[in-house]
Amino acid sequence: MNNGDKRRNRKRDRSSRRYKIRYDRLVAAVLVLVVLVVVLASCVHACSDKDKDKNSANKNQTTSDTTGQKTSIVDQLTTSNETSSLITGTPDGQKPSESQYVNEKFKAEDIYRGDLVLVNSEHEYKFPEDDIELVSVYDNITGEYFHVSDLVQKLDRTVLDQLTALMTSFYDEESNSDIYVIGTYRTKEEQDDKYWNGNSQFQGGYSDYHTGRSFDIGIYPADNSMAGYYSPRGVYGYVDEHAADYGFIVRFPEGKETFTGEQARTYTYRYVGVPHAVYMKQNNLCLEEYIDTLKGHNNEDPLEVAAGKKLYQVYYVPANKTGDTEVPLPSNKTYSVSGNNVDGFIVTVTMN
């Protein structure tokens, strides 16, 4: 073998070795890439399993909450041993239907008692015991803020207290004490006398004055100017404007004659309670219309009324035609119950 052949053989050997080394590196790089892909795939799979487990847990929790007993905020706080005012009361804005209820039995005759009894030509007042606490108007006012026409006029104590508060506010605003109470509670016999003498179209039992919550007022200035029945003119408009804030409505408002059965008049007021008076004034309803409106609201869908800084929810419970009626009442809220003198009970819940 000559020198030329030797050189060509050495060149082929070096070329063969170079190709071999590059091939090995390529194989090694591929192996590393494969390992990385396997590791990455494992991580993705693990994360996917965690998400599935989490979603499954959430799904199971949702199913439990929707198909089993609902877990309230109060229950959650109690279970987690956290302390909050929610544990002892209903969260603000929560409806009575979301509250804890107890059923209380009311007798059939209880529908004839309460501030929301409806008395007119179709619904007779039954004069139930313990419905009202009649007191003398003359003996229970100072005469500084308003007056009464005589010594025999009587009103329910709560009604007189609220009327005094309204008239005191009027005096503080206008420095005026011209208002007189001129007609209040009537017995059945007194109403019958008015009927037979032609002074009323209603026989005894069918007058709203029987409730001790209705009264007439007049204006009698010291100089005898503008004397007569009350109307909301001039400074006296304050009384009508703010009456609802103290629980009073105009009993026979203008335009409601077909509902009330009486001619409209501006001087007869009736106490029904603050949230009801506010709602009726805001929505231009007479008492008859309001009683019918409430029949569309039960404890699952109460009527909501905002009066000042207070929130109320009101609902109707139909009375059994015979026997007692179980009325659902929230166990953790202040409430009052009134009969409507027709066919059921009206529950008023103070929410805050």
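## Aromatic pairs

In this predicted model, F106 counts as buried because its relative accessibility is 13%, below the 20% limit for that class. F345 is likewise buried, with a relative accessible area of 1%.

A search of the whole structure finds 13 aromatic pairs. One of them joins F106 and F345 in a tilted arrangement, with 5.3 Å from centre to centre and 45° between the planes. F106 belongs to strand β1 (residues 101–106) and F345 to strand β14 (residues 344–350), so this pair ties together parts that lie 239 residues apart in sequence.

Y279 and Y290 form another tilted pair, with a centre-to-centre distance of 5.8 Å and 45° between the planes. Y279 lies in helix α7 (residues 274–282) and Y290 in helix α8 (residues 287–294); the pair therefore ties together parts that are eleven residues apart in sequence. Both Y279 and Y290 are buried.

## Aromatic cluster

A single aromatic cluster is formed by F215, Y230, F248, Y269 and Y271. Of these residues, F215, Y230 and F248 also appear in the list of members of the largest nonpolar core that touch the most other members.

## Nonpolar cores

The largest nonpolar core contains 26 residues, and those touching the most other members are F146, L163, I179, F215, I217, Y230 and F248. Two or more residues of this core come from each of α3 (157–174), β5 (179–183), β6 (214–219), α5 (237–242) and β9 (268–271). The largest share, six residues, is given by α3.

I179 illustrates the contacts of one such core member. Leaving aside neighbours within four places in sequence, I179 is in contact with F146, H147, M167, F170, I217, G218, I219, Y230 and Y236. Among these partners, F146, I217 and Y230 are also listed with I179 as core members that touch the most others.

A second, separate core comprises 20 residues, including I249, Y279, L285 and V314. Y279, which pairs with Y290 as described above, is thus also a member of this second core.

## Surface patch

On the surface, Y138, L151 and V152 form a nonpolar patch, with about 340 Å² of accessible area together. V152 is located in the loop between β3 (147–148) and β4 (154–156). This residue counts as exposed because its relative accessibility is 61%, over the 50% limit for exposure. V152 thus contrasts with F106, which is buried at 13% relative accessibility.

Methods
Residues are numbered from 1 along each chain as its sequence is written. This is a predicted model: local features need pLDDT of at least 70, side-chain atom pairs count only at pLDDT 80 or more; totals for chains, interfaces and linings use all residues. Side-chain values use heavy atoms; hydrogens and water are left out. A nonpolar core is a set of buried Ala, Val, Leu, Ile, Met, Phe, Trp, Tyr and Cys residues joined through side-chain atoms within 4.5 Å. Buried means under 20% relative accessible area, exposed over 50%, partly exposed in between (1.4 Å probe, protein chains only). Helices (H or I, at least four residues) and strands (E, at least two) are DSSP runs, numbered from the N terminus. Contact means heavy atoms within 4.5 Å. Patches are made of residues with over 30% relative accessible area and no salt bridge: like charges are joined within 9 Å, nonpolar side chains (Val, Leu, Ile, Met, Phe, Trp, Tyr) within 5 Å. Accessible areas come from the Shrake-Rupley method with a 1.4 Å probe; for residues, only the protein chains shown count as cover. A salt bridge is a side-chain nitrogen of Lys or Arg within 4 Å of a carboxyl oxygen of Asp or Glu. Rings of Phe, Tyr and Trp (its six-membered ring) pair if their centres lie within 6.5 Å; planes under 30 degrees apart count as stacked, over 60 as edge-to-face and the rest as tilted.
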